Amino acid sequence: MSSEIPPIFTTIYEAIHHASDEDRAYSGEIEDDIEAEGETVTEDIYDVSQLQEHLLDASKGVTNETDKEYRRLMSQCVQFLKENKLIKADDKFFGKNPSELVPFCICAWIMHECDEYDFNRTEKHSTVFRASYAHAQKMRAAMTYAFGRLNGLGSLPWHESESVGNPSVSETVATYMTSLRRRKVRAGETATSAHAITEPEIAQVKEYAPRSRKAEKESHEWGGARARRLLTLAYVLGFLCLLRFDEVLKIQIHDIEFVSDTLTLPFRKTSQFGGVKPFYLHLFPPHLAHLCTIRALANWLYVSDIEDGFLFRKIVSGDRVSRENTHMTSECFLEMFRNNLLDIEIDPAPYGTHSFRRGGCQWLYSCCRWGLIRICDWGGWSTEFSNLTIEPPSDEEMF
């Protein structure tokens, strides 16, 4: 840090970056955190008639209750910063041009509320209350929302040298949150991780029937039967094959080979050294039908009439599949996924497209009893375990 930085921020910097070896965040984890946090801020790029009414209020992208909670946390953050003289009484903390110190302010606030030591590097007494890692995630989500949605900075990762982007989607905050999570787990707190996919309700496909724009829609009518079948297939592919969703959405019909009851996908994360192995996916037994890729693919191909080109395409008005041979965007998919979460009354803010491969990894380890080397081989991951962060899900997350 430069010599112009106030001494207190030098202390915060040391508290963030000088973690012990067991708490230190690795570059891969930091990159994953930044990418996943950026995905929580979506762009309004597709037909707004497909969105739930309460998501459209002031283009907030969250429910009214979530917006209210985030604004409460924003006020709490500003109050903390002023009381501890991290910003001046007349400073405007939230804005379109945040200073280079904002990521450190965010970390200091979370550290004060949730960590075992305070932002001045003093260890807290055992009687001092410390909020959970889940609450720390909510605090950060409020910051991402404040800068990304309310101030229009979007999901662009923070560029420290230019003070450009969303400061909550920064290497500094990602480094701290990863280290905090390690400390919380070591202290016995259950790791917060992706929820497993549950069996979807099977909706009936209906013929397109035009309706008045003024006709009232129920909150669950954001997507029809085709949209939900598309999502089900995307969910199980990301979950079982441990794929990023930019990979899932780019799958084409010619990538799939049907042999007996086996689905072969010669497709996985880009390999720098070639030799990409295919996924061999078999028909699952009835009690795992909700995770069966073959069933999900058959359902989607039947209702979509797609015969070539991209497998996942935009759903247009009337629950119809676009005839354009272009794949659905990650932003469009994420918006539909969040609508799906709202259907079952789950706050979508902490979830991103990484939730599926993380949950799938845990499911293979905890429920299928796969070893770590087998999981890494299946997912095309490195078997150098120095920066591996596979953790079993809590009891309520298991099938």
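A residue counts as buried when its relative accessible area is under 20%, as exposed when that area is over 50%, and as partly exposed in between. Keep these cut-offs in mind while reading this predicted model.

Start with D67. Its relative accessible area is 10%. That value is under 20%, so D67 is buried. D67 forms a salt bridge with R71. The closest N and O atoms of the two are 3.1 Å apart. Both residues lie in helix 4, which covers residues 64–83. They are four residues apart, about one turn of the helix. R71 has a relative accessible area of 38%. This falls between the two cut-offs, so R71 is partly exposed. The bridge therefore joins a buried D67 to a partly exposed R71.

Helix 4 holds another such pair, E69 and R72. Here the spacing is three residues, again about one turn of the helix. The salt bridge between E69 and R72 has its closest N and O atoms 2.8 Å apart. How accessible is E69? Its relative accessibility is 23%, so E69 counts as partly exposed. R72 is partly exposed too, with a relative accessible area of 41%.

A search of the whole structure finds four salt bridges. One of them joins the side chains of R183 and D115, at 2.8 Å from N to O. This pair links distant parts of the chain. R183 sits in helix 7, while D115 sits in the loop between helix 5 (102–114) and helix 6. The two residues are 68 residues apart. Are they buried or exposed? R183 is buried, and D115 is buried as well.

Now turn to helix 7 and its packing partner. Helix 6 spans residues 133–150, and helix 7 spans residues 171–186. The two pack at an angle of about 165 degrees, and their axes are 10 Å apart. An angle over 145 degrees counts as roughly antiparallel. Helix 6 and helix 7 are therefore roughly antiparallel to each other. Their crossing is left-handed.

Which residues make the contact? Helix 6 contributes Y133, A136, Q137 and R140. Helix 7 contributes V173, A174, M177, L180, R181 and K184. Sorted by class, the contact has six nonpolar residues, one polar residue and three charged residues. Among the nonpolar ones are the Ala, Val, Leu, Met and Tyr residues. The charged ones include R140 of helix 6 and K184 of helix 7.

Technical notes: Residues numbered from 1 in each chain as written. Predicted model: local features only at pLDDT ≥ 70, side-chain atom pairs only at ≥ 80, totals over all residues. Heavy atoms only, no water. Axes fitted to C-alpha atoms, helices over the stretch in contact; angles between N-to-C directions. Parallel < 35°, antiparallel > 145°, perpendicular 65-115°, else oblique. Left-handed = near helix turned anticlockwise from the far one by under 90°. Contact = heavy atoms within 4.5 Å. Buried < 20%, exposed > 50% of the residue type's maximum accessible area, 1.4 Å probe, protein only.
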